[in-house]
Amino acid sequence: MALKYTLKFVAMAIILSISGIAHTADIPLYASGPSEDSAFVRFINGADINLSVVAGDTKAKIALNVNEPASKYYPVGSKAKITGEFSDGKVISPISLNVKPSEFATVVALANGSNLKQVIVKEQPDDFNALKSSVALYNVSSAGCASAGLLVVDRAVSLFEKVKVGTLQRRLINPVSLSVQLTCNAKPIGKVLDLGLLQAGQRYSVFAVPALDSSRIFFATDTVAR
Amino acid sequence: MTTALLAGLTVLIIGDSHLATPTFLTKTLHDDLIEQGAAVHSIGVCGANPGDWISASPAGKCGGSDRVGKGPATIMGQSASTTAIKQLIATDKPNLVLVVIGDNIANYKQSFSRAWAWQQVTSLTKEIASTGTACAWVGPAWGTEGGKYGKTYARATQVSTFLATNVAPCAFINSLDMSKPGAWATLDGQHFTNIGYQAWADGITKSVTKLSFAKKSQK
């Protein structure tokens, strides 16, 4: 009987040895990812005057000048309400929104007579790609641009078509030099916008906003604040 | 006579728990690369996410190890901390940074946090790229399904596919191509037995010798 158990033990030892089990390895359990996905918010000046944003909790101030109208994306928690205010120094427009996990929220301030108003557009991108450039068209121009698009200048092709007000479209393209022109209801509008040489892995947003005569576009690089 | 395909090159390896125990890749991959002629520095911190290598972080608070050249690994224990990648690169001046992080961004027990993973991965690749150092990223291996981390082949595939298109300008090394699912036995679904770690190291080393940075030095 003793011999039987001894043989059994030897056999077990051989099996363990063959399978190469590391007896010393005892890895404590650790998290392999976050409890929920990241969420982000950014602020855009779609008016034609300089604005600022003041955060409701920290009172941190971000300048949104006409020539630098886009903030970075800021990581936010999905459980707390995001509060703050846009201001031009005279009038304020309170900000209040919730952002869900995986969402990238964009809060655009627009002129509304002598006041300010806001449009909030949210996206949940699934096109992350470091080998391509990601370009989006945000249509927040209700001024005669119910259906926005972007033409690629000199190539006679549409990058986007039929983007409804308050929505966006996004697509991956090769990292090339690009100039675009806005279309409203399929008609070219305004000046050509040079986006320059797009970078692989970079994300970009073109915004269509109201202008004095109709609509205009500007673009921003989508960067995340660290 | 075999040719040392990485002769004269310095490789810095950073990673997670697969490099935090002296018998894991800290031994097998490290030794394989030395055998190919490289000078190697391996640092693994258990539970480390890519973003934990931007600045010093205790990461998963579950240990780590640090090994330089042919010497033994130094066990970091509970005080384990990452070191900022730029600091490591400035000190070691590597020809290649090899990142071994896949399972830690997989969130096996929940849905895949794509936006978080994108933020984590790109923050590290941009930091490495800003130094002009060549880099390669090793994706997750199959492991075995289940275990205390709840690993699944479907999620390993999803993470591998995500990394393949998101680690540029780093090259991507696809560990799933190195074996069939479940072929390498594991201790807990995620961490391999010695045989698995040797096979994985052999596959990674083979891929590293085929990278363009290595081929340039072979001319």
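This short talk walks through a predicted model, starting with chain B and then turning to chain A.

Chain B first. Its secondary structure comes to 6 helices and 7 strands. Read from the N terminus, the elements run β-α-β-β-β-α-β-α-β-α-β-α-α. The radius of gyration of chain B is 16 Å, and the globule rule gives 17 Å for 219 residues, so chain B is as compact as a globular protein of that length. Along its principal axes, the C-alpha trace of chain B spans about 45 × 35 × 35 Å.

What about the inside? Of the 219 residues in chain B, 53% count as buried. Now look at contacts in chain B between residues at least 6 apart in sequence. Of these, 74% join residues at least 24 apart.

Next, the cores. In soluble globular proteins, nonpolar side chains tend to be buried together. Here the largest nonpolar core has 67 residues. Those with the most contacts inside this core include B:Val11, B:Ile13, B:Leu98 and B:Trp137. Which helix gives the most to this core? Helix H3 of chain B, residues 114-129, with 7 residues.

B:Ala136 is also among the residues with the most contacts inside that core. Leave out residues up to four places away in sequence. B:Ala136 then touches B:Leu96, B:Leu98, B:Cys170, B:Ala171, B:Ile173, B:Val208 and B:Leu211. Apart from the largest core lies another one, of 48 residues. Among them are A:Leu110, A:Val140, A:Phe160 and A:Ala220.

That brings us to chain A. The domain assignment gives domain 1, 36-124, and domain 2, 127-226. Taken over C-alpha atoms, the centres of these two domains of chain A are 20 Å apart. How many residues does each domain of chain A bring to the contact? Domain 1 brings 14 residues, and domain 2 brings 15 residues. On the domain 1 side, strands S1 (39-45), S7 (104-112) and S8 (115-123) of chain A each supply at least two residues. By class, that side has 10 nonpolar, 2 polar and 2 charged residues.

Last stop: some strand pairing in chain A. Strand S10, residues 147-152, pairs with strand S13, residues 177-184, in the antiparallel sense over 5 bridges. A:Leu151 stands opposite A:Gln181 in S13(A). S13(A) also pairs with strand S14 of chain A, residues 187-197. That pairing is antiparallel too, over 7 bridges. There, A:Cys184 stands opposite A:Lys187 in S14(A). The hairpin of S13(A) and S14(A) has 2 residues between the strands. In this hairpin, A:Asn185 takes a positive phi near 50 degrees.

Terms used. Residues numbered from 1 in each chain as written. Chains lettered and ligands numbered in written order. Predicted model: local features only at pLDDT ≥ 70, side-chain atom pairs only at ≥ 80, totals over all residues. Core = buried A, V, L, I, M, F, W, Y, C linked by C-beta atoms within 7 Å. Buried ≥ 20, exposed ≤ 12 C-beta atoms within 10 Å, placed from the backbone. Helix = DSSP H or I, 4+ residues; strand = E, 2+ residues; numbered from the N terminus. Contact = placed C-beta atoms within 7 Å. Domains from an automatic or database assignment. Nonpolar A, V, L, I, M, F, W, Y, C, P; charged D, E, K, R; others polar. Pairing = 2+ DSSP bridges. Rg over C-alpha atoms; globule rule 2.2 N^0.38 Å.
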